[in-house]
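Thanks for coming. I have one structure to show today, and I will keep it short.

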Amino acid sequence: MPAPATRRDETVVDVIHGVSVADPYRWLEDQESPEVAEWVAAQKAVTDAHLADIPQRGELRERLAAVWDHPKLGVPWHRGDTWLQMRNSGVQEQPVLWTADAPDAEGRVLLDPTELSEDGTVSLADVALSPDGRLLAYGTSDGGSDWITWHVRDVATGTDLPDEVRWAKFASAAWLPDSSGFFYGAYDPPAAGTEMAATNTHHQLRLHRLGDDGPDPVVHRRDDEPEWGFSPTVTEDGRWLVVTIWQGTEPRTRLHLASLDGDPAQPDIRPWLDDFDGEYGVVGNDGDTMFVRTDAGAPAGRLLAVDANDPARRTEVLAERPEALVAVRWVGGRFVVVRLVDAVHELAVHDREGARVAVVELPDLASVGSITGRRDDTAVHLSLSSFTSAAGVHRLDLTADPPVLQEVIPSPAGVPDAITERVMVPSTDGAVVPMFLVRGADATGPRPTILYGYGGFGIPLTPEFRLGAEYGRAWHDAGRLDQKHHTFDDALACASWLVDEGWTTSPQLAITGGSNGGLTAAASMIRAPEAFGACVPEVGVLDLLRFHRFTIGWGWTSDYGDPDDPEDFPRIHRMSPLHTIAEGACYPPTLVTTADRDDRVVPAHSFKFTAAMQRAQGCDNPVLARIDTRAGHGAGTPTSKVIDARADVLAFLVHHLGDPAGHPTAVSGSGDGRPITRHAEG
């Protein structure tokens, strides 16, 4: 079935800094339009017909469902004697929140998100337990949207209070020390019909008091800084409100601070670490001493002890090292520290003064997931996973000498006949890029291969069962703004390495990635279509001239640059996948995926790119769009929808790359099932 023709409006031409830029598919940006709905239906019909003709599709879905069907247990955490844990027994549509009186107790169900909607598309987006452990603030997302609605549940009875807080976004909840209410981040309600696309500016910090049904008071807002966002944290001793101020996805933050000894509805929030010269994050406090992780003056990260009343009084606790500092937890008078060594995690314990107590031995090429623990605890809980084993929950006893790591909830068997290797690939600018090669133990000769990457916003890809800052801030800086092309160079270098080393051939190699990774995949394929046998850009940022005009897209200028800036525009124009498609070029089979409720990277990116690719395609290779319904950017998607999507992508790749003997033995899992706070990255 041929791709449907898409109407072109040749009258839509923007003149940007003196350059005429045609945008004939702009009408596809109107998600509420009946014409767009008809276009989506036509695209779905063609894609469904193509996928239905692939004989391996059903078998792959069955295989995925079988692989997915194992317990997924999150890392337990607590307030007082109340312990919480996310659990999924196998293929439940959403992870379920359990409560218990001990981290290893069976407990009972506290909140099952599948009971919140008939189709399982309302998910648990975030949770915050009150300091006394009696009340749970929980945020729900409808159909994968970034918008969060907060509710409050009594832990003992499992019943909800009447409180409902709407239009929250991009910040968790932080309870008052007396558990009488919580701070949260929100926007003014958008106009009806614009909820999924309107620009998000003028974030504000509000306080919700339990039982109040009127408008919540705004406790922090800067009308003169419409791009500022506010994330609240209350220190564990209840003394301080820490407000982290972010500006889009800039790799820099500010910290403002307020004492909570007065009226919390009118806190004296004052600038504290306000230079905006790096990223700052409070990891704990000891009285008036705040422990702050930062990359200001230390691109690979360091830990400072800063006086809450006088930020000029500071000492260095953990000095910068070549290995990037990615996480610090203050527990039991010690620091539990995670660093990145060639894209693999190292776990260590340091004392109050920063001296290293021990390096904890981890399984080979394992990644540390969540770490939970409070200032008065004697142990932390954490998850460990790899490309070939799902997350298992471990307990690190900090009272032992040396600290002892014990697996308390074993991971499933994983994929015993798979091998993971880390290889170092030279790229075009002299950089050496770490790449993980996952293969069957008996894999030989050229075979179908999937190259997956992300490549932005300081988000590293480490070994997990399922590219950004693998070497800290400097590595991130070398792949953004006027250096952004390095991420595409690196992807193509990895593709060439796989071919040169005999693992695959170009017709057997697919490039994939999601969100910013969708940009990496599409841009790399557009630059070198002959390098790939297939391409799957998923929920990708594909129109780099208009990304900043929707929802939180304006915040990505920190990585891409600003199309409205005459100095940035030429470079952005040259790398935008939508605007660099060549008429008549032969592109590899391409499956573009998106979802109708994606309000992070709005589906217009994928719609316009699909239409332009279908028109330009100079050979018989298909260009298809897989458009999901009642789904968003990814987080909170029901398990059945995730399995369907992965099966369709794998079926497409098997069909166009070739079917390896014996179906794939290693299939990405779904992490540890923790609720995920939606942040602003693409």
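I will take one helix and then one sheet. Please keep in mind that this is a predicted model.

The helix is H4, residues 485-500. First, its length. With 16 residues at 1.5 Å a residue, H4 should span 22 Å, and its end C-alpha atoms are 22 Å apart, so the expected and the computed span agree.

Next, is H4 mostly covered or mostly open? Mostly covered: 12 of its 16 residues are buried. Buried here means under 20% relative accessible area. The buried residues include His486, Asp489 and Asp490, and also Phe488, Leu492, Trp497 and Leu498.

What do these buried residues pack against? There are strands and helices among the partners. The strands are E32 (418-426), E33 (432-440), E34 (449-452) and E35 (509-514). The helices are H5 (516-527) and H7 (569-575). Just after H4 comes Gly502, which has a positive phi of about 85°.

Now the sheet. It is an open sheet of four strands, ordered E20-E21-E22-E23, and the pairing is antiparallel. The edges are strand E20 (280-286) and strand E23 (314-318). Each of these has a single partner strand, so one side of each is left without a neighbour in the sheet. From one strand to the next, the twist averages 30°.

Within that order, look at E21 and E22. Strand E21, residues 289-294, pairs with strand E22, residues 302-307, over six bridges in the antiparallel sense. To find one of them on screen, start at Thr289: its bridge partner in E22 is Asp307.

That is the helix and the sheet.

How values were computed: Residues numbered from 1 in each chain as written. Predicted model: local features only at pLDDT ≥ 70, side-chain atom pairs only at ≥ 80, totals over all residues. Heavy atoms only, no water. Helix = DSSP H or I, 4+ residues; strand = E, 2+ residues; numbered from the N terminus. Expected span 1.5 Å × (residues − 1). Buried < 20%, exposed > 50% of the residue type's maximum accessible area, 1.4 Å probe, protein only. Contact = heavy atoms within 4.5 Å. Pairing = 2+ DSSP bridges. Axes fitted to C-alpha atoms, helices over the stretch in contact; angles between N-to-C directions.
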